[in-house]
Amino acid sequence: ATGAAAGLKRSHLELGGKAPAVVFADADLSRTARMLADFGYFNAGQDCTAVTRVLVQDSVYEQFRDLLVAAARGTRTIRRISMGR
């Protein structure tokens, strides 16, 4: 950061890590599961904001786990090939 600031260069700093999500019992569990599956696999998971840990309130843990597994299984990788012209 210091080196970039000294030369007024654009930079993108990442802390890396394990972006957590916290799910409480009053959440819309189906929607949250779909969103977390998307966030976890966004950019093939190669992003410091990719959700890699999910903390779930005990009372909805099993229900949410099943929804998240189903949502994750429903994700698809899209391969794009760019042909130069």
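Where is F24 found in this predicted model? F24 is in the loop that runs between strand 1 (19-23) and helix 2 (29-41). The close-up views below start from this loop.

**View 1. A nonpolar patch on the surface includes F24.** Three residues, V22, F24 and L55, make this surface patch. The patch has an area of about 300 Å². One of its members, F24, belongs to the loop between strand 1 and helix 2.

**View 2. Helix 2 spans 13 residues.** From the first C-alpha to the last, helix 2 reaches 18 Å. This is close to the 18 Å expected at 1.5 Å a residue.

**View 3. Helix 2 has buried residues on one side.** Which residues of helix 2 are buried? They are L29, T32, A33, L36, A37 and G40. These residues lie on the same side of helix 2 because they cover an arc of only 135° around the axis. An α-helix has 3.6 residues a turn, so residues three or four places apart point the same way. The buried residues of helix 2 pack against strand 1, strand 2 (51-56) and helix 3 (61-73).

**View 4. R65 and D66 form a salt bridge.** How many salt bridges does the structure hold? The structure holds 1. In the pair R65 and D66, the closest N and O atoms are 3.2 Å apart. Side chains of opposite charge can pair when their charged atoms come close. Both partners are partly exposed: D66 has a relative accessible area of 46%, and R65 has one of 35%.

Technical notes:
Residues are numbered from 1 along each chain as its sequence is written. This is a predicted model: local features need pLDDT of at least 70, side-chain atom pairs count only at pLDDT 80 or more; totals for chains, interfaces and linings use all residues. Side-chain values use heavy atoms; hydrogens and water are left out. Patches are made of residues with over 30% relative accessible area and no salt bridge: like charges are joined within 9 Å, nonpolar side chains (Val, Leu, Ile, Met, Phe, Trp, Tyr) within 5 Å. Accessible areas come from the Shrake-Rupley method with a 1.4 Å probe; for residues, only the protein chains shown count as cover. A salt bridge is a side-chain nitrogen of Lys or Arg within 4 Å of a carboxyl oxygen of Asp or Glu. Helices (H or I, at least four residues) and strands (E, at least two) are DSSP runs, numbered from the N terminus. The expected span of a helix is 1.5 Å times one less than its number of residues. Buried means under 20% relative accessible area, exposed over 50%, partly exposed in between (1.4 Å probe, protein chains only). The arc is that of the directions from the helix axis to the C-beta atoms. Contact means heavy atoms within 4.5 Å.
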